[in-house]
Amino acid sequence: GGLEPLIELLQSNSVVAQRSAAAALGNLAANGEICREVVTGGALTRMVELYLQPEGEAREQACGALQVIATSDGCRHYRAVVSAGGESALQPPS
């Protein structure tokens, strides 16, 4: 599908590209079919890696995308996000 370029951008050396790709994938993941492609296409692990960075512009977008993937009506891949190490992205801020 057409998600591969966005998934590849998650691994870019450009923070702007990473942030934009995470935001786009998060928006697209609200669609169930696309969400499955995001989860099975390798984006999940990279988004968790971006989220787990101590700081960075891409971190917030990756967090939002992980929340969509885990909880949106069209997606609900909570277990996949937790299994990839992104559980803390799903917790309310303290």
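Cys-35 is buried in this predicted model, with a relative accessible area of 0%, and a disulfide joins Cys-35 to Cys-75 at an S to S distance of 1.4 Å. Cys-35 belongs to helix α3, whereas Cys-75 sits in the loop between α5 and α6 (78-83), so the pair ties together parts of the chain that are 40 residues apart in sequence. Cys-75 is likewise buried, with a relative accessible area of 10%. A search of the whole structure finds one disulfide, and Cys-63 takes no part in a bond because its sulfur is 15 Å from the closest cysteine sulfur, that of Cys-75, which is too far. Cys-63 is nevertheless buried, at a relative accessible area of 17%.

The loop that holds Cys-75 also contains Arg-76, a residue with a different degree of exposure: at 57% relative accessibility, Arg-76 counts as exposed. The backbone of Arg-76 deserves a look as well, since most residues other than glycine have a negative phi. For Arg-76 phi is near 55 degrees, a positive value in a residue that is not glycine.

Returning to helix α3, one finds that Cys-35 is buried there together with Gly-32, Val-38 and Val-39. Seen down the helix axis, these buried residues fall within an arc of 110 degrees, so they line one face of α3. On the other side of the helix, Glu-33 and Thr-40 are exposed. The buried residues of α3 are covered by elements that include α2, α4, α5 and α6. The N-terminal end of α3 is capped by Asn-31, which places a side-chain oxygen 3.0 Å from the backbone nitrogen of Glu-33. After α3 comes Gly-42, with a positive phi near 100 degrees.

Helix α2, one of the elements covering α3, has 14 residues and reaches 20 Å from its first C-alpha to its last, close to the 20 Å expected at 1.5 Å a residue. Its buried residues are Ala-17, Gln-18, Ala-21, Ala-22, Leu-25 and Gly-26. They lie on the same side of α2, because they cover an arc of only 160 degrees around the axis. From that side they pack against α1 (4-9), α3, α4 and α5.

Two of the buried residues of α2, Ala-17 and Gln-18, are also touched by Ser-12, leaving aside residues up to four places away in sequence. Ser-12 is placed in the loop between α1 and α2, and a polar atom of its side chain lies 2.9 Å from the backbone nitrogen of Ser-14.

Leu-25, another buried residue of α2, leads into the nonpolar interior. Not counting residues up to four places away in sequence, Leu-25 touches Leu-3, Leu-6, Ile-7, Leu-10, Val-38, Ala-43 and Met-47; among these partners, Val-38 is one of the buried residues of α3. Leu-25 is also one of the members of the largest nonpolar core, a group of 27 residues, that touch the most other members, along with Leu-10, Met-47, Leu-66 and Ile-69. The elements giving two or more residues to this core are α2 (15-28), α3 (32-40), α4 (43-51) and α5 (57-71). Its largest share, seven residues, comes from α5.

Methods
Residues are numbered from 1 along each chain as its sequence is written. This is a predicted model: local features need pLDDT of at least 70, side-chain atom pairs count only at pLDDT 80 or more; totals for chains, interfaces and linings use all residues. Side-chain values use heavy atoms; hydrogens and water are left out. A nonpolar core is a set of buried Ala, Val, Leu, Ile, Met, Phe, Trp, Tyr and Cys residues joined through side-chain atoms within 4.5 Å. Buried means under 20% relative accessible area, exposed over 50%, partly exposed in between (1.4 Å probe, protein chains only). Helices (H or I, at least four residues) and strands (E, at least two) are DSSP runs, numbered from the N terminus. Contact means heavy atoms within 4.5 Å. The expected span of a helix is 1.5 Å times one less than its number of residues. The arc is that of the directions from the helix axis to the C-beta atoms. A disulfide is a pair of cysteine sulfur atoms within 2.5 Å. A polar contact is a pair of N or O atoms within 3.5 Å; within protein, one must be able to donate a hydrogen and the other to accept it, and residues adjacent in sequence count only if both atoms are side-chain atoms.
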